[in-house]
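This report describes the fold, the surface and the salt bridges of one protein. The sequence and structure are shown first.

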Amino acid sequence: MKYIHPRTDVLSQNIGENTTIWQFCVVLPEARIGSNCNICAHVFIENDVVIGNNVTIKSGVQLWDGVTIEDNVFIGPNVTFTNELIPRSKAYDTTKFKPTLVKKGASIGANSTILPGLVIGAYAFIGAGSVVTRNIPDYSFWYGNPATQKGYITEEGILLDMDKRDKNGVKHLLKGEIDD
């Protein structure tokens, strides 16, 4: 059973079971939201947005046309997505929009900004306050302005250095890698 707070403006009928949408959210009619999601207060979701299953979107996030969020993604508070590199007032040209994809299991920290047309890789981790200006590979750990790679991360959330070693010095193989 889904829960939609009475103080929202949810126009979409494309919302999966067990999804919760909290107060003061706006969800436009064509948006698609999967099952078991938690959409916190003050989130805006435009029409051409697809959100997978088991997604958490914290307060103050705006998802503009062209953003796709796959399953099991965490979007921290006040993360800012963009969909146009050179926006102009009163010039709404959807052909200039660049799609953004956040792949399964990725986490984006609070107050990060994601430029348009990028791919955030599967299980990637973006630290709080980062400005993402390029594609982020799967299982990588990035932060800063502009964000730069600081290491790797496992599906279980273990941070690794650039040599794929954890804090105890143990080397890890990431999914799909073959031990040399």
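## Contacts and overall form

The model is predicted. Of the contacts between residues at least 6 apart in sequence, 15% join residues at least 24 apart.

The secondary structure comprises 22 strands and 0 helices. The protein is as compact as a globular protein of its length, because its radius of gyration of 17 Å is close to the 16 Å that the globule rule gives for 180 residues. Along the principal axes, the C-alpha atoms fill a box of roughly 50 × 40 × 25 Å.

## Burial, surface and charge

Buried residues make up 43% of the 180 in the protein. The exposed area is about 9,600 Å², of which carbon and sulfur atoms supply 51%.

The protein carries 17 positive and 19 negative charges, and the mean positions of these two sets are 5 Å apart.

## Salt bridges

The structure holds 2 salt bridges. One of them pairs K175 with E155, with the closest N and O atoms 3.8 Å apart. K175 lies in the segment after β22 (159-160) and E155 in the loop between β21 (147-153) and β22, so this salt bridge ties together parts that are 20 residues apart in sequence. K175 counts as exposed at 61% relative accessibility, whereas E155, at 32%, counts as partly exposed.

K164 forms a salt bridge with E177, and here the closest N and O atoms are 2.3 Å apart. K164 and E177 are both in the segment after β22, 13 residues apart. K164 counts as buried because its relative accessibility is 17%, under the 20% cut-off. E177 is partly exposed, with a relative accessible area of 30%.

Definitions and conventions:
Residues are numbered from 1 along each chain as its sequence is written. This is a predicted model: local features need pLDDT of at least 70, side-chain atom pairs count only at pLDDT 80 or more; totals for chains, interfaces and linings use all residues. Side-chain values use heavy atoms; hydrogens and water are left out. Helices (H or I, at least four residues) and strands (E, at least two) are DSSP runs, numbered from the N terminus. The radius of gyration is taken over C-alpha atoms; the globule rule is 2.2 Å times the number of residues to the power 0.38. Buried means under 20% relative accessible area, exposed over 50%, partly exposed in between (1.4 Å probe, protein chains only). Contact means heavy atoms within 4.5 Å. Accessible areas come from the Shrake-Rupley method with a 1.4 Å probe; for residues, only the protein chains shown count as cover. Lys and Arg count as positive and Asp and Glu as negative; His and the chain ends are not counted. The place of a charge is taken as NZ of Lys, CZ of Arg, CG of Asp or CD of Glu. A salt bridge is a side-chain nitrogen of Lys or Arg within 4 Å of a carboxyl oxygen of Asp or Glu.
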